[in-house]
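I opened the notebook to look up cysteines, one sheet and one loop serine, and I kept the entries short.

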Amino acid sequence: MHHGPAAELGTDHASAKKAKLGVWFFYLYLFLYAGFVVVGVLNYELLGLEVFGGLNLAIVYGIGLIVFAVLLGVLYNNMCSRYEDDLNKEETGL
Amino acid sequence: MIYGVSYTALVFFIFFVGLVLGLSFYFARKTKSASSYYAAGGQIHWAINGIAFAGDYLSAASFLGICGMIATFGFDGFLYSIGFLAGWIVALFLIAEPLKRLGKYTFTDALNSKFKSRAITLTAAISTLIVSIFYLIPQMVGAGDLVTPLLGLPHWVGVVLVGIIVIFIVASAGMTSTTYVQFIKGGLLLVLSTILTIYIFKNGFTLNPVNDGSAYHKFITLTPEVADSVVISVADYKVISQQNVKTKHFVKLEKDNVQRWFDLVKDNDQYLLKEVLSISEGEQGIMLYNGEPREKAKFFQVGHMSKIIVDGKEVEKTGPVSPFRFLSIINKSEIVRFSEVKLTDEGKKVTLFYQNITKGKDFMLPGLKYKIGKGASVWSRLDFISLMLALFLGTAALPHILIRYYTVKSQRDARKSTILAIAAIGIFYVLTLFMGLGAAINGVMDVESSNMAAPLLAKAFGVVLFSVISAVAFATILGTVAGLIIASSGAIAHDLLDNYFNWNLSDNKKVKVGKISAFAVGIFAIALGIAFKGMNVSFLVGWAFSIAASANLPAILFLLFWKKTTAKGIASSIVVGIMSSLTIILTSPTMWDRYGLDPANAIHKLDNPAIISFPLAVLTIYIVSLLTQDKLVEVHVEANV
């Protein structure tokens, strides 16, 4: 099976910075994700705590992780686009 | 479960499956080149690509398995939703950009481009083969489950049917997952899940759910005479036998020449016998459902509320509810789940499904499957951590998952597509929570298999919705199975025979060997699909994730982020990852049960292997790479080839 790209992407001077940002975002998400697991294993009762509107912490945290993933993705996209604008434009100007 | 044939459902089902397959073939003929294969040469709008991305990712396991597990074990099923999406984030943040800098698009391509190593070719091909096969099992199990209520045929017929269709497709025309087909599937899955969820909210809660126009089965409760926890007599019934399983007591009673099982429970100092569902072997090997032959149809769909508490008051039903109110009412109320017990009676195997009253607050917390609360053993806590680790790391390690990311024209569009996909997948996973909970309380559950929770819930709301949802799920399974069989046969014919064993096949022979491999893998998949009947498909996908995370992820992460990584380190890590995860899975309590042994006597108590196999693989790549530094091949990572 071929896995080639649909089109050549050209030189991207922002790629190293984007990769670094990705690693930071990964650690941030890992911290929150691991937090859920740690609370579950070490202080299980806390997950049953009613947070608001009759919803417990497990549900709020779980849905929160899903929503946060989406928000983080949007932020990642915006920041990557900005890096590309800045760094690739500078290079073109030289 | 006993199902009759629904001809209306069948007509809609065949129509929609035909439509999706027809579109697949149509677009497959139109897109021949590698670049147009995925994205029509970068001409596709990013939004369409994004939904197609979601369509790629949301396999039948997401839809069937997660909803089924939530309906059976409550929040523990939702862990899969959380983990599957989190895993996707790992793939995007950690792997996508650095891998793109390598100019390679799959894990195998990336490894082989850097080290021209025969050991890596061999181990990566075996890894692809094993992960694909473990991914195939849940698809086949799901296919069998889907066909059963539509055709009224046994599970194995469904599995064989899917196997034959896919082998035929792969061997004759080939089937490609083109962007438009994935867009249609992904879009339909989202729209249909939203409709189903709206139905759930509109329906609200009731103690007496109505399923497809017929009333819920009224479970019999009897008052026995009991001495020392042994049932002596019951009015109008003859006591046949009593079996004690751990702390539970099950009693077989006879009335009108029909033998049925009851669960002896103590309620407010009074003994009661509560009706259970049973499957047992009768005379001449005929299977009996609740003591009667199959054709009498005395087996029922189940799952209901035993108490509905609204604002502190107990009510019989509610009207329509909002999403938040839906969750908070379940949290305060009480649900009747049906738990399985196996025993031997008069030398014959009997499976019982007894009413397990569960408080809503327990249902809405982890712990019913993966016990982590007070009194939980170290094993069960480790199992929980292991599952969460595998889900988090598994997605990025699946061989095919990021391909679509690289196939649009501009990077911006690729990212926009991805973000839309994450949003769509995220919304879908939140919907699985409502669909699973809705199935648990609306009397639609099939006790023999949790996988049909969502489609059967749809059936309760209308046969058209049911057949369309089933058709989309079925078409998704066909597409996924075809893709996996192609990938497996490619690993055998191309990577192993041609590249590793140097068979130097001509193009014609290569195609022939590929087709024979596809046929062999297809037959193997059919056998596995039958062998794993009744298991939750998400649980099975969890295994594929564990193997992928252990075998592939250390290799790809070290390759991308550690310059001292060597070919031998990578090959050893893949071998250790595969061997350790497979060994743990094959000796797990769940597999012990499959072998017909007592799960309590399994060698260990771990169902999910990642917590051991992943660190082992990491350690292996680190140590072996350090020990083989003289063999290090210097490679410069070119930015954006």
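The entries below begin with the ground rules and then take each topic in turn.

I worked from a predicted model, in which local features need pLDDT of at least 70, side-chain atom pairs count only at pLDDT 80 or more, and totals for chains, interfaces and linings use all residues. Residues are numbered from 1 along each chain as its sequence is written, chains are lettered from A and ligands numbered from 1 in the order in which they are written, and side-chain values use heavy atoms, with hydrogens and water left out.

Cysteines. I searched the whole structure for disulfides (a pair of cysteine sulfur atoms within 2.5 Å) and found zero over all chains. I then looked up A:Cys80, which is buried at a relative accessible area of 0%, where buried means under 20% with a 1.4 Å probe and protein chains only. B:Cys67 also counts as buried, at 0% relative accessibility.

Sheet. In chain B I found five strands (DSSP runs of E, at least two residues, numbered from the N terminus) in an open antiparallel sheet, ordered β3-β9-β8-β7-β6. Its edge strands are β3 (221–222) and β6 (238–245) of chain B, each pairing on one side only; two strands pair if DSSP finds at least two bridges between them. I noted seven bridges between β6(B) and the antiparallel β7 (248–255) of chain B, and B:Gln243 has B:Phe250 in β7(B) as its bridge partner.

Loop serine. I located B:Ser588 in the loop between α19 (567–586) and α20 (589–594) of chain B, helices being DSSP runs of H or I with at least four residues. B:Ser588 is buried, with a relative accessible area of 0%. Leaving out residues up to four places away in sequence, B:Ser588 touches B:Trp543, B:Ala602, B:His604, B:Leu606 and B:Asp607, a contact being heavy atoms within 4.5 Å.

Key. Buried means under 20% relative accessible area, exposed over 50%, partly exposed in between (1.4 Å probe, protein chains only).
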